[in-house]
Amino acid sequence: MPLSRASGILLHPTSLPSPFGIGDLGNEAYNFVNFLRDSGQQIWQILPLGPTGFGNSPYLAYSAMAGNPLLISPDKLLDQELLSEEDLSNLPEFPNDRVDFDLVTEFKRSLLQKAYDNFKIKESEEKQAFYDFCASKAFWLDDYAFYMALKEAHQGASWHTWDQEIARRQPAALKEWQQRLADEIQYHKFVQFEFFQQWDELKNYANEQGIKIFGDIPIYVAHDSADVWAHPEIFCLDAETGEPSLMAGVPPDYFSETGQLWGNPVYQWDRLEQEDFLWWVQRIQSMLNKVDLIRIDHFRGLKAYWAVPQGETTAINGEWVEAPGEAFFETINEKLGSLPIIAEDLGLITPDVEELRDQFELPGMKILHFAFDSGHENPYLPYNYVSPNWVVYTGTHDNNTTVGWFNNRSPEEQKRVTRFLGCTCGNGIHWDLIRLAMSSVASIAIFPLQDIFGFGEETMMNQPGVAEGNWSWRYQPEILTSEVSDRLREVTEIYGREPQNEDS
């Protein structure tokens with residue numbers, strides 16, 4: 001899929017400013033869109049939007065298709081008269097620069113319950129819109145709302161530890177629990193209705209300002225999720241315990257002697273192929289309703305995936321298993337047409353993975369932080385991008401900030417960077433790498449917001465391999481100044497990435 005020349009910023013909505021402890025879909029999200037527009041940017045890249053589970057990672061959600069309730073704006077619920085001014089007074093003392101997820105979750109859950117109670121008794125045209133939403137999203141919403149109600153009834157325990165009858169979805173148990181939890185199920189549907197109302201409004205505004213939303217699909221889903229509970233037949237699960245019989249990960253490499261063991265169940269690809277990849281088609285269609293561009297995380301797993309047997313504590317004793325990537329994309333294209341998909345092709349990439357990417361003309365990714373530690377043939381050096389069909393980054397959410405990355409390099413390694421750049425970093429290494437990405441032939445250039453401002457490693461979004469403290473960084477609204485916006489717009493225009501008039 002050819003991409004137009006453009007640039008943008010990577011920022012997850014949880015990092016937006018807000019008086020409610022976490023970024024949300026309220027006024028500051030619109031202010032950020034305005035900042036993008038005024039800066040000549042055309043893309044807002046985000047992380048997965050699902051309801052986060054253990055560890056607060058967007059890549060381990062309770063649903064592959066639902067939205068995160070923590071992103072719902074209380075101010076917009078106030079505008080709908082579902083909350084009162086009193087409900088939003090006496091806020092907890094939230095940190096300004098990070099998310100306290102436990103405190104936010106408790107606070108938001110209370111507000112959303114009040115909003116739901118008011119919605120039930122309020123005479124409103126929104127009732128019909130709610131019923132229409134539930135009908136249109138029933139293919140995932142029914143299972144998700146039921147799952148979350150069951151999970152709460154089981155004090156947050158994962159589905160495979162519930163009584164066998166409901167864990168295995170026995171019809172009598174399903175009927176009994178549906179009746180018992182009818183109101184709780186309806187609550188979770190209402191929360192999704194509010195999320196998608198707010199998200200659709202924000203996305204429409206962004207599109208009107210010339211901003212495309214660039215979303216993210218993790219290839220795997222969490223074991224503790226509505227997807228695995230509702231569709232166990234498409235995952236590799238132990239018949240007795242319900243735990244993953246084969247777990248996802250990556251093998252040992254230069255960065256890790258034991259590899260990475262993620263623990264997600266891998267797919268029963270044979271079963272998915274027999275069903276014309278129906279679950280995946282629905283997942284991607286659902287994603288297309290939320291975003292304009294899609295990144296498939298761990299793209300190489302669609303060609304071959306590392307499968308680790310149950311009981312292993314590291315990824316050493318796994319093996320590569322072929323996946324039907326060609327049949328997968330042929331079916332997706334047949335069902336949904338040629339799609340705006342970008343392949344996250346980082347890590348151990350073999351020629352057959354590159355062939356799959358190129359066969360379907362999917363743009364890949366280039367990371368400038370990876371460009372300076374080998375010779376002239378390094379594929380991340382911009383002069384080795386043989387076509388524009390790439391998305392180039394200074395770094396991603398899994399990398400250090402550019403300033404943190406540079407400061408952690410030895411003097412010799414720093415010299416290697418500055419020698420290539422032909423500069424002394426007088427404007428800051430972050431702006432030098434931004435210019436390098438902007439000037440490249442890659443169609444799209446993306447920068448984490450932290451790199452625009454030259455923030456250090458204390459503002460990293462995620463440190464892979466570190467269990468705590470991730471996903472919590474937030475910025476303050478006063479940093480989005482016109483001076484920074486003008487500077488970013490100037491660099492964008494110099495390298496031909498500014499929006500083009502349709503008439504020109």
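**Figure 1. Contacts between residues distant in sequence in the predicted model.** In this predicted model, 74% of the protein's contacts with a separation of 6 or more join residues that are 24 or more positions apart. Buried residues account for 57% of the 504 residues in the protein.

**Figure 2. Secondary structure and overall dimensions of the protein.** The secondary structure consists of 18 helices and twelve strands. The radius of gyration is 23 Å, close to the 23 Å given by the globule rule for 504 residues, so the protein is as compact as a globular protein of that length. Measured out along the principal axes, the C-alpha trace covers about 70 × 55 × 45 Å.**Figure 3. Surface and charged side chains of the protein.** The protein exposes about 21,900 Å², and 47% of this area is supplied by carbon and sulfur atoms. Among the side chains, 37 are positive and 77 are negative. The centres of these two sets lie 2 Å apart.

**Figure 4. Close-up of Glu81 in the loop between helices H2 and H3****.** Most residues other than glycine have a negative phi. Glu81, although not a glycine, has a positive phi of about 60 degrees. The loop that holds Glu81 runs between helix H2 (residues 74–79) and helix H3 (residues 101–121). With a relative accessible area of 59%, Glu81 is exposed, the cut-off for this class being over 50%.

**Figure 5. Close-up of Trp471 in the loop between helices H17 and H18****.** Trp471 is likewise not a glycine, and its phi is positive, at about 70 degrees. Helix H17 (residues 449–453) and helix H18 (residues 482–494) flank the loop in which Trp471 is placed. The relative accessibility of Trp471 is 6%, so this residue counts as buried, the cut-off being under 20%. Of the two residues with positive phi shown in these views, Glu81 is therefore exposed, whereas Trp471 is buried.

**Figure 6. Close-up of Cys134 and Cys236, two buried cysteines****.** Cys134 has a relative accessibility of 12% and so counts as buried. Cys236 is also buried, with a relative accessible area of 7%. The count of disulfides in the model comes to zero, where a disulfide requires a pair of cysteine sulfur atoms within 2.5 Å.

Definitions and conventions: Residues numbered from 1 in each chain as written. Predicted model: local features only at pLDDT ≥ 70, side-chain atom pairs only at ≥ 80, totals over all residues. Heavy atoms only, no water. Helix = DSSP H or I, 4+ residues; strand = E, 2+ residues; numbered from the N terminus. Rg over C-alpha atoms; globule rule 2.2 N^0.38 Å. Buried < 20%, exposed > 50% of the residue type's maximum accessible area, 1.4 Å probe, protein only. Contact = heavy atoms within 4.5 Å. Areas by Shrake-Rupley, 256 points an atom, 1.4 Å probe, with all protein chains shown as cover. Lys, Arg positive; Asp, Glu negative; His and termini not counted. Charge placed at Lys NZ, Arg CZ, Asp CG, Glu CD.
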